[in-house]
Amino acid sequence: MEVHRPSDGALIGRHFFEREPVVCARELVGAILRWGRRAGMVVETEAYDAEGDEACHTFHRPTARAFVAGHRAGSAYVYLNYGMHWMLNVLAKGRRSGFVLIRAIEPMRGLAGMRRARGVASLTELCSGPGKLARALGVDGSHHGIDLCSPGCRGFSVGPPVAAVACGPRIGISRAKELEWRFLMPGNPHVSGAGRKEKAGRTLEVRPA
DNA sequence: ACTAAGATTCGC
DNA sequence: CGAATCTTAGTA
C-alpha cells in the first residue's frame, strides 16, 4: 500500500488533511502532536465520515455539518462529551470529508504539566484516552475551530518511522459499529484502556524501520 | 419547557 | 457497574 508521508520532522501541512478522513486517521498514527509546551506521539485515532456515517456528529447535528462547510481542512473540531470530557478532532476534507478523533498519544514533552493537569503520576494513564489527552494537553472549547496547519504553537509534525498500524472497530459508539475505522500502534502501552483489553485488531500496514 | 443520549472516565 | 455533568436536538 502506498503511504504518503512527508519527510521526518516536517510540519504536517494542510495538504495532509485535504484527503479522506480514513486515510488521514491511519497516517496520523506516529505523528507528533504539539500543544504549546506539551507534546506527544499519536498512537491511536478514529475516522468519522461526514456523509453516511451514523456515528459521525454530522449525521444528526446541523451544527456539525455547518462546521464542515465553514472551515478549512486541518481545523480543530473540539466538543464536550458526557458533559465533562473534551474531545479533540481534526477536520479532513478530501474526496470525502469528516473528522479524525485523536484517541491517545504517548507523552513526550511537558510531562510535569500533564501530570499536574491530570492529577495522576502514571505515564500510561496520562494520555491513554481521548478525554485524558485533552485534559493533559489543556484542550478545551476555546480551541474549537482553530487552524492546526498554520505556523503556531499547536499542530502536527512527522514522527519517527512506524513499524505497524492496526485497525479495528471504533470504541464507545452505538451505531456503525462494523466499520473498522480505529487505528493504533499495536502493543504501544499508551493506547486507550478500552482498546488494550480488546483484541489488538488486525494489522493493516507494516513499514520497515 | 422537558427529555434523551452521548466518539468517557473514575471510583466503589 | 453506575454516577458525574452539560450541550445539542427533538418534541410538546
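Student: In this predicted model, which residue has a polar backbone atom 3.4 Å from a sugar or linking oxygen of DNA strand C?
Tutor: The residues around DNA strand C are His60, Arg61, Pro62, Thr63, Leu80, Tyr82, Gly83 and Met84, and the partner has to be sought among these residues. The polar contact in question involves a backbone atom and a sugar or linking oxygen of DNA strand C, at 3.4 Å, and the residue that supplies the backbone atom is Gly83.

Student: Which residue places a polar side-chain atom 3.1 Å from a phosphate oxygen of DNA strand C?
Tutor: Pro62 lies 3.1 Å from a phosphate oxygen of DNA strand C, but through a backbone N or O atom. The polar side-chain atom at 3.1 Å from a phosphate oxygen of this strand belongs to Thr63.

Student: What percentage of the atoms of DNA strand C that come within 4 Å of the protein do sugar and phosphate account for?
Tutor: Around DNA strand C stand eight-membered surroundings that include His60, Arg61 and Leu80. By class, this surface has four nonpolar, three polar and one charged residues. Of the atoms of DNA strand C that come within 4 Å of the protein, the share belonging to sugar and phosphate is 67%.

Student: Is Tyr82 buried or exposed?
Tutor: Tyr82, one of the residues around DNA strand C, is found in the loop between strand 3 and strand 4, and its phi is near 55 degrees, a positive value in a residue other than glycine. Because the relative accessible area of Tyr82 is 66%, and the class begins over 50%, Tyr82 counts as exposed.

Student: Is Ala176 buried or exposed?
Tutor: Ala176 also has a positive phi, of about 55 degrees, although it is not a glycine, and it lies in the loop between strand 7 (164-168) and strand 8 (182-184). Since its relative accessibility is 17%, and the limit is under 20%, Ala176 counts as buried.

Student: Which residue has a polar backbone atom 3.3 Å from a base nitrogen of DNA strand B?
Tutor: Polar backbone atoms of Pro130 and of Lys132 each lie 3.2 Å from a phosphate oxygen of DNA strand B, so to speak of a base nitrogen is to ask about another contact. The polar backbone atom at 3.3 Å from a base nitrogen of DNA strand B belongs to Ala55.

Student: Which elements give two or more residues to the surface near DNA strand B?
Tutor: There are 22 residues around DNA strand B, and His85, Asn89, Arg118, Gly131 and Ser174 come nearest. By class, this surface has 10 nonpolar, nine polar and three charged residues. The elements that give it two or more residues are strand 3 (76-81), strand 4 (85-93), strand 5 (97-109) and helix 7 (130-137).

Student: How far apart are the axes of helix 5 and helix 7?
Tutor: Two packed helices are described by the angle between their axes and the distance between the axes. Helix 5 (residues 111-118) passes helix 7 in a right-handed crossing, with contact made by Met114, Ala117 and Arg118 of helix 5 and Lys132, Arg135, Ala136 and Leu137 of helix 7. The angle is about 115 degrees, and the distance between the axes is 7 Å.

Student: Is His143 buried or exposed?
Tutor: His143 is found in the loop between helix 7 and strand 6 (154-157), and, leaving aside its neighbours within four places in sequence, it is in contact with Trp35, Ala76, Val78, Gly138 and Arg154. Because its relative accessible area is 8%, and the limit is under 20%, His143 counts as buried.

Methods: Residues numbered from 1 in each chain as written. Chains lettered and ligands numbered in written order. Predicted model: local features only at pLDDT ≥ 70, side-chain atom pairs only at ≥ 80, totals over all residues. Heavy atoms only, no water. Near = heavy atom within 4 Å. Polar contact = N/O pair within 3.5 Å; in protein donor to acceptor, adjacent residues only side chain to side chain. Helix = DSSP H or I, 4+ residues; strand = E, 2+ residues; numbered from the N terminus. Nonpolar A, V, L, I, M, F, W, Y, C, P; charged D, E, K, R; others polar. Buried < 20%, exposed > 50% of the residue type's maximum accessible area, 1.4 Å probe, protein only. Contact = heavy atoms within 4.5 Å. Axes fitted to C-alpha atoms, helices over the stretch in contact; angles between N-to-C directions. Left-handed = near helix turned anticlockwise from the far one by under 90°.
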